[in-house]
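Student: Could you show me how to read a structure made of two copies, and then how to look at a single strand within it?

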Number of protein chains: 2
Amino acid sequence: LVEIPITFIGAGNVAWHLAQALDAAGHIVQEVYSRKLESASKLASNLYNATPTQSTDFTGSKARVFIISIPDDTVESISLQLQLPPHAILVHTSGTLPLDALTAHKSIGVFYPLQTFSKYRELEIQQVPFCIEANNEDTEEVLVNLAQSISNTVYLVSSAERKVLHIAAVFACNFTNHLLAISHQIMKKEGLEFSLLKPLIEETINKALGSQIPASVQTGPAIRKDMKTMQSHLEFLKNYPTELQIYKIISDSIDKMGFKINS
Amino acid sequence: LVEIPITFIGAGNVAWHLAQALDAAGHIVQEVYSRKLESASKLASNLYNATPTQSTDFTGSKARVFIISIPDDTVESISLQLQLPPHAILVHTSGTLPLDALTAHKSIGVFYPLQTFSKYRELEIQQVPFCIEANNEDTEEVLVNLAQSISNTVYLVSSAERKVLHIAAVFACNFTNHLLAISHQIMKKEGLEFSLLKPLIEETINKALGSQIPASVQTGPAIRKDMKTMQSHLEFLKNYPTELQIYKIISDSIDKMGFKINS
């Protein structure tokens, strides 16, 4: 392991997990910056020897890599405020922002963990895929080494590819969560326990992910072209106009896609 | 355990798992009926002492409970062909069909395992919720006992409730699978490995199911009202017209639902 001193700009969910994982791997986190000193202190107190700070002047810092991990819409403005030491590498952890959001600095990169983080949920960081991008080869090498010291799966991913990844993740994760929310809402309104569906949901996901090709394990009335059942569902959903729309459009899409994706 | 002799009408995925679980629990399966004798024989050969048959005349059978487990649209017609012994209980295993699909017979019920079955996937039957319905109390008691001998979670569920369950399952499972299929398709077309998303998908589901209220853990551009990101996604999706529609309608629905479901 090459130890790389690091500073975190931000102390939210992603910083919380990354800082502790990198610190535990032997890269000493030097500073934790947050607008709220309390947040910075809370994270720093969980690290080996990190100093919490509210200052954006890091000209005296020993860190080599500065990791910005704050909401997307604040990354560009904070990057303009940061004063970094020579040879510093500045990266962000966003799945959405392009590399050139950091363009005011010389050596820049993206250090994007493809996972959803909650502060109080344990996570096996070794299983999290890291997507790395950099504006020069030296920077890329440092970032790949850094990521490989905490994760088994590290990929070089361009900004264009990262955008595709993010869109695919919106469908597979954000939208999937919303379908579960709709399902929960219908069950609740009709006086049924959502937890009844848990084993079925878990097995559905396991089957889809195990199959390699989710379309090949599609089940339900739409793929069976079971019009009678679909008609009775649409009848029921008259009281749920938004869900009715979603039911129609996704059923149509299932019918169109069919099982043909196997090639 | 009260041993209940059983006969299976059908030898598909559901019959495959149920027959073996019930047989293993000590309820001797007497006969396995299938239109294809080969299918009936294959399942029967995995059971303690079952006879495969193509005949619908069961007047000489020792079975008490007859479990129809065949495609929904064939249940009613087979139930009219069946000749059962006196005191027989006839049930189906469908999530969709009403109890009265079996109305030609005297003691009837529904024995619905709320799970998706594949022949060659092992399954912990103890974790599968069973939804029971019957047209009289004696029948209900027999079916509840039967279900409890193989599962930890057995519920009495009316035909109306079962319909709601099924609709909720279409959203949470069938439609969720389709979103994964869309995500897979986009990744593949753009030359990226779908497996990259697996850890994120798994964590999303764990978080949603762990939260009790999926809407409370909604993430992504729609819930953040991040118009800039959504605009760039819609731009990209111009080459995917169906997916574009789905993106719009689900994003709108996420925005409408918000986090307000917590009550």
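**Reading the symmetry and a strand**

Tutor: Let us begin with the axis, remembering that this is a predicted model: among the residues of chain A, A:Thr176 comes closest to the rotation axis, with its C-alpha at 2.7 Å. The same surface serves both copies, since 100% of the contact residues of chain A recur in chain B.

Student: By what turn and what shift can chain A be laid on chain B?

Tutor: A turn of 180° with a shift of 0.0 Å along the axis lays chain A on chain B, and the RMSD is 0.0 Å. The two copies are therefore related as by a two-fold rotation axis.

Student: How should I read the two sides of a strand?

Tutor: In a regular strand the side chains alternate between the two faces of the sheet. Take strand 6 of chain B, residues 107-113, where seven of the seven residues are buried.

Student: Which residues of strand 6 of chain B lie on one side, and which on the other?

Tutor: On one side are B:Ser107, B:Gly109, B:Phe111 and B:Pro113, while B:Ile108, B:Val110 and B:Tyr112 are on the other, and both faces are covered.

Student: Which strands are joined to strand 6 of chain B, and how do they run?

Tutor: Strand 5 (residues 89-92) of chain B runs parallel to strand 6 and is joined to it by four bridges, with B:Ile89 standing opposite B:Ser107. Strand 7 (residues 130-134) of chain B runs antiparallel to strand 6, and five bridges join the two; here B:Ile132 is the bridge partner of B:Phe111.

Definitions and conventions. Residues numbered from 1 in each chain as written. Chains lettered and ligands numbered in written order. Predicted model: local features only at pLDDT ≥ 70, side-chain atom pairs only at ≥ 80, totals over all residues. Heavy atoms only, no water. Least-squares fit on C-alpha atoms with pLDDT ≥ 70 in both. Contact = heavy atoms within 4.5 Å. Buried < 20%, exposed > 50% of the residue type's maximum accessible area, 1.4 Å probe, protein only. Pairing = 2+ DSSP bridges.
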